[in-house]
Amino acid sequence: MNLAKLCAARAAEGRPVTAGLIGAGKFGSMFLAQVPHVEGLQVAAIADLDPERARAACREVGWDEARIAATHFVTDGAELAAMDGVEVVIEATGHPRAGTRHAQAAIAAGRHVVMVNVEADVLAGPVLARRAAEAGVVYSMAFGDQPALVCEMVDWARSNGFRVVAAGKGTKYLPAYHEVTPDAVWEHYGLTPEAAKAAGMNPQMFNSFLDGTKSAIEAAAIANATGLSVPEEGLAFPPCGADDLARVLRPREIGGQLERSGMVEVVSSLERDGRPVFRDLRWGVYVVIEAQSDYAAACFAQYGLPTDATGRYAAMYRPFHMIGLELATSVLSAALRGEATGAPLGFHATVAAIAKRELGPGDRLDGEGGYTVWGRVMPATRAARDEVLPIGLAQGITLRRAVAKGTALRFADVEIGEDEAVRLYRDCLAMA
């Protein structure tokens, strides 16, 4: 609240909030579309491997030539992070290793960081957030993306005295999706490969959403930012609509599907037989809360909250999220308030790389959404104990021994050096 007022005041003073964007893909383009309409916000620079593509993205979202000419375009995200006149660096590449490099460069230069790149956040966010705090800058999750919206709902619940029983998001899920490869992804989206290619859609990126990896990454980010637990054996993806959240997402001991209270879970918009769930939450987020008094429980009923049969468990939800169209909230919060819209508080969860098929020595891993592995959320303590390979490091490396389908890969299974990304991840494990 009041961000628009604070931003307008900066504009009146002649010193607008200035952002630098790394990665002018879909998320970044959605943010760029809104910038001309936010009084007191400017994008000073954009970094992209193809600056002409970035300029074209600006034109596509409605920027005029004067605004484009006033913006610096570079190819190096670290160069952007060090530029004078950039207050907030937005990392939107989606590449975990690149994201960690860019965040470190921004922190070293005294810039706030908004980490759209959830892959990088789950790989090394707790350490990056700690380094940012030591440097006196903000490290923030990206508002508009589901993890930050869930964090907002969890904070709302806790700050008003409710016990958080469960929190998470919705998605389209069936168990068979874990085995889908980029070759077969478009049939699940109702598209032909030709139509998807014509639209410039990346099959591996879209497959990450389908095969469960992206949900696992976002669940881990929520857990690390809220302290909520993740299921021991990975997300269960129970079919559940908005009206049934309070009944389904409560502990098993009272008839729900959670291992215990205080969990992150993702609900499916499909029944296991493929039928659509009634009033599904595919695009939304939710929190299930528990009343801590009979009086509060009675108020749930009086004010129409959807509850379980006991009346003590209730759900609040947001049916949609608007991705980059909402990202300015994070940028302005960091610059004007010095506050993150969600940030890792510890290292509670990671995402294990799971073999999609029988893998053998010499096989090369292709990472998130690819042909070789998918991602399953896992408690960080278990990952540390078993030396599990995270999905964020499972790209461009080679197996040294066979791994059975459905098995979590370990560091001992692959050829991998101790580079900066690996060291950051190990520093996170030390926090588990």
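**Warm-up.** Which glycine follows H14, and what is the sign of its phi? Look just past the helix: glycine 338 comes after H14, and its phi is positive, near 65°.

Before going on, note that this is a predicted model, where local features need pLDDT of at least 70, side-chain atom pairs count only at pLDDT 80 or more, and totals for chains, interfaces and linings use all residues. Residues are numbered from 1 along each chain as its sequence is written, and side-chain values use heavy atoms, with hydrogens and water left out.

**Exercise 1. Find out how many residues of helix H14 are buried.**

Step 1. Helices are DSSP runs of H or I with at least four residues, strands are E runs of at least two, and both are numbered from the N terminus. H14 covers residues 328–337.

Step 2. Apply the cut-offs: buried is under 20% relative accessible area, exposed is over 50%, and partly exposed is in between (1.4 Å probe, protein chains only). The buried residues are Ala328, Ser330, Val331, Leu332, Ser333, Ala334 and Ala335.

Step 3. Seven of the ten residues are buried, so H14 is largely enclosed by the rest of the structure.

**Exercise 2. Describe how helices H7 and H16 meet.**

Step 1. Fit axes to the C-alpha atoms over the stretch in contact, with angles from 0 to 180 degrees between N-to-C directions. The axes of H7 (residues 118–135) and H16 (residues 420–429) come within 7 Å and cross at roughly 80°.

Step 2. That makes H7 roughly perpendicular to H16 (under 35 degrees is roughly parallel, over 145 roughly antiparallel, 65 to 115 roughly perpendicular, the rest oblique).

Step 3. With contact meaning heavy atoms within 4.5 Å, H7 contributes Leu123, Ala124, Pro126, Val127 and Arg131, while H16 contributes Glu420, Ala421, Leu424, Tyr425, Asp427 and Cys428.

**Exercise 3. Check cysteine 428 for a disulfide.**

Step 1. A disulfide is a pair of cysteine sulfur atoms within 2.5 Å. The whole structure has zero disulfides.

Step 2. For cysteine 428, the nearest cysteine sulfur belongs to cysteine 151 and is 16 Å away.

Step 3. Cysteine 428 is buried, at a relative accessible area of 0%; cysteine 240 is buried too, at 2%.

**Exercise 4. Classify the ring pair of tryptophan 186 and phenylalanine 206.**

Step 1. Rings of Phe, Tyr and Trp (its six-membered ring) pair if their centres lie within 6.5 Å; planes under 30 degrees apart are stacked, over 60 edge-to-face, and the rest tilted. The count comes to eight aromatic pairs.

Step 2. Here the centres are 5.3 Å apart and the planes at 55°, so the pair is tilted.
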